[in-house]
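Me: I am new to this structure and should be grateful for a close look at a single part of it. Please choose one part, and explain in a connected way how it is arranged and what is found around it.

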Amino acid sequence: MLEASDTGALRHVPIRDGDLVCLSGEPTELYSVILVREGRCWLRNLQTEMDTLAGLDLVRRIGREAGDLNSFG
């Protein structure tokens, strides 16, 4: 299970395609990063499968690969 200190440390790691992230305003919803370009991310909600765009300043990395959710609890 992730600890609060783990997610804080991951904030300083660059966001890349394929990362598992959450939005700062919606920490309970998980997203997969489809593409990162020019300070923006194309994200896919893992529950609803809907896509959205967000600025990198709103995205918080919580894992390396979105396909590996078993390691998070």
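Reply: Strands in this account are DSSP runs of E with at least two residues, and they are numbered from the N terminus. The model is a predicted one, and the part chosen here is its sheet.

Five strands make up this open sheet, in the order β4-β3-β2-β1-β5, and their pairing is antiparallel. At the edges stand β4, which covers residues 51–55, and β5; each of these pairs on one side only. From one strand to the next, the twist averages 45°.

The description may begin with β1, which covers residues 20–23. On one side β1 is joined to β5 by 4 bridges, and the two strands run antiparallel. Within this pairing, L20 stands opposite G63 of β5. β1 also runs antiparallel to β2, which spans residues 26–37, and 3 bridges join these two strands. Here L23 has E26 of β2 as its bridge partner. The two strands form a hairpin, with 2 residues between them.

Next comes the pairing of β2 with β3, which is again antiparallel and extends over 6 bridges. One of the residues involved is S32, whose bridge partner in β3 is R44. The hairpin of β2 and β3 has 2 residues between the strands, and E38 takes a positive phi near 50° there. E38 is not a glycine, although its phi is positive. It lies in the loop between β2 and β3. With a relative accessible area of 82%, E38 is over the 50% limit and is therefore exposed.

Strand β3 runs from residue 40 to residue 45, and N45 is found in it. This residue deserves a closer look. The relative accessible area of N45 is 6%, so the residue counts as buried, the limit being under 20%. The C-alpha atom of N45 is separated by 4.4 Å from that of Y31, although the two residues are 14 places apart along the chain. Leaving aside residues up to four places away in sequence, N45 touches E29, L30, Y31 and M50. The side chain of N45 also has polar neighbours in the backbone. One of its polar atoms lies 2.7 Å from the backbone nitrogen of Q47. The backbone nitrogen of T48 is likewise found 3.0 Å from a polar atom of that side chain.

Farther along the chain is E49, which has its place in the loop between β3 and β4. Its phi is near 60°, a positive value in a residue other than glycine. The relative accessibility of E49 is 61%, which is over 50%, so E49 counts as exposed.

Salt bridges are the next topic. A search of the whole structure finds 2 of them. In one, the side chains of D51 and R44 meet, with 2.7 Å from N to O. Are these two side chains' residues buried, exposed or partly exposed? D51 has a relative accessible area of 37%, and R44 has a relative accessibility of 32%. Both values fall between 20% and 50%, so D51 and R44 count as partly exposed.

The other salt bridge is formed by D19 and R61, whose closest N and O atoms are 3.2 Å apart. This pair links distant parts of the chain, the two residues being 42 residues apart. D19 belongs to the loop between α1 (4–10) and β1, while R61 is in strand β5, residues 59–63. Both D19 and R61 are buried.

Cysteines complete the picture. A disulfide is a covalent bond between the sulfur atoms of two cysteines. How many disulfides are counted in this model? With sulfur atoms within 2.5 Å as the criterion, the count comes to 0. C22 has a relative accessibility of 8% and C41 one of 1%; both values are under 20%, so both residues count as buried.

In summary, the sheet is open and antiparallel, with β4 and β5 at its edges. The loop residues E38 and E49 are exposed, whereas N45 in β3 is buried.

Note on methods: Residues numbered from 1 in each chain as written. Predicted model: local features only at pLDDT ≥ 70, side-chain atom pairs only at ≥ 80, totals over all residues. Heavy atoms only, no water. Salt bridge = Lys/Arg side-chain N within 4 Å of Asp/Glu carboxyl O. Buried < 20%, exposed > 50% of the residue type's maximum accessible area, 1.4 Å probe, protein only. Pairing = 2+ DSSP bridges. Axes fitted to C-alpha atoms, helices over the stretch in contact; angles between N-to-C directions. Contact = heavy atoms within 4.5 Å. Polar contact = N/O pair within 3.5 Å; in protein donor to acceptor, adjacent residues only side chain to side chain.
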